[in-house]
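Let's take a walk through this one together, starting with a quick sanity check and then moving on to where the chains meet. Have the structure open as you read.

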Amino acid sequence: MGTTIDTRGLSCPQPVLLTLQAIKKLNKGQIMVLVDTDTSKENVIRAATSQGWQLTEMQKEGIEYQLTLTRD
Amino acid sequence: MSVWKNLFATRWGIIGVGLVIGVLAALLQKWGNPGNMGICVACFERDIAGGLGLHRAAVVQYVRPEIIGFVLGAFLSAYLFKEFRPRAGSAPIVRFVLGAIAMIGALVFLGCPWRALLRLAGGDGNALFGLLGLVTGVWIGTLFFKQGYNLGRTQVTYSSVGWILPLLMVGLLLLRLIFPPLPESAQNSILFYSLKGPGAMYAPVMVSLAVGLLIGLICQRSRFCTMGAFRDLILFGQAHLFSGVLALLAAAWVTNLIVGQFHPGFANQPVAHTMEIWNFGGMVVAGLAFALAGGCPGRQLFLAGEGDGDAAVFVLGMIVGAGVAHNSKLASSPQGIGQYGIIAVILGLLACLAIGYTMRIK
């Protein structure tokens, strides 16, 4: 199981900051990120992919997204 | 819809938005707006404050339709693309104060980040000091972010909360249309109108409104932010938003060259002064305040349009800050800084540092 980061309700640049901190700490594996705006969704995916991580799953629940980021 | 939704989030999307803003801003000047001020979020909110009589600086009073368009364009876009998210409650009092301080700093420099770029694109070398100040202020902000600065989470709230600033803007638009400027009169029964100075220079109301709506729409889609451009570059080494800002600068410069609005130099630039330390200092304060509040003044308008009540509070803080800046002689003029401009910059900086230092999650 990987780490889960809850960025719901946080404004820029917190969602990206928290995601990148987790990426730095884990180096590889799986990170689940909860976001509640499309802006955060785009920013988190953009930041993670720039670090060599991939978006392997995206679930939408109401206005929220659950993003699964992985790196082998 | 989904094609459009994704397109704006790409590198070319944000570059396209920057190009459109740059061209339209230069053209708005051609169509009547003040020099190197086709668009200036801080100046235009200050003009709105003046139009409502919140300050009595007679040369900067006009209810600017561009600002109204920014909010309403973002509002329409948010509904069209199902991104309207009513939310509020992340330290609103701090955001109000940051808005007021940001405005006071911007009025020492005489422009927000948008106008700093447009001033440079028009050949105003003094803008370099303002931009350097902006970058410095944002850099200080990133130090706080690295140490855990965070204003806390917003709460999901009623749709009507998110409607408040857009409705206020509809109200302003109605006032502007029902009570237009009267010939040779500085005041009608409700609004103030400058008879000379920058406040008396404006593009036709429907042109300003249309451009504002278009920019509001594309900026809501693309998340364009002049402060975020520098913040992301410094904090994450990410140039996404920055490429949009460069596109704005380049497009405004080229358009200025074509229409004959490029006049390189330092002295006698329109609505600008040459006291470089305070051009720099004013924007350090503004840049730090924008960074701590999470968005440049334009971005705050677009966020408010998509339902962010805290961004709306920041906007109201800016308008009140503009009133204070002109009433209390903090704002600069082409002759130089205001009587109390220096102390305002120092106090503003101290207040921002205190906010950044004390509001960290340990």
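A helix is a handy place to begin. Helix α7 of chain B covers residues 126-146, and at 1.5 Å a residue its 21 residues should span 30 Å; the C-alpha atoms at its two ends sit 31 Å apart, so the expectation and the model agree. Keep in mind that we're looking at a predicted model here. Just past α7(B) you'll come to Gly148(B), which takes a positive phi of about 95 degrees.

Now swing over to where chain B meets chain A. On the chain B side 22 residues are in contact, and they touch 20 residues of chain A. Together the two chains bury about 1900 Å², with 50% of that on carbon and sulfur atoms. Three residues stand out on chain B: Arg85(B), Arg153(B) and Phe236(B) supply 32% of the area that chain B buries against chain A, more than any other three residues.

What about charges and polar groups? Three salt bridges turn up across the interface of chain B and chain A. Among them, Glu42(A) pairs with Arg223(B), and their closest N and O atoms are 2.8 Å apart. Polar contacts between the two chains come to nine residue pairs, counting those with both residues at pLDDT 80 or more.

Which helix of chain B gives the most to the side that touches chain A? That's α10 (residues 226-236), with three residues. Sorted by class, the side of chain B that touches chain A has ten charged residues, along with six polar and six nonpolar ones.

Note on methods:
Residues numbered from 1 in each chain as written. Chains lettered and ligands numbered in written order. Predicted model: local features only at pLDDT ≥ 70, side-chain atom pairs only at ≥ 80, totals over all residues. Heavy atoms only, no water. Contact = heavy atoms within 4.5 Å. Buried area = accessible area lost by both parts, 1.4 Å probe. Salt bridge = Lys/Arg side-chain N within 4 Å of Asp/Glu carboxyl O. Polar contact = N/O pair within 3.5 Å; in protein donor to acceptor, adjacent residues only side chain to side chain. Helix = DSSP H or I, 4+ residues; strand = E, 2+ residues; numbered from the N terminus. Nonpolar A, V, L, I, M, F, W, Y, C, P; charged D, E, K, R; others polar. Expected span 1.5 Å × (residues − 1).
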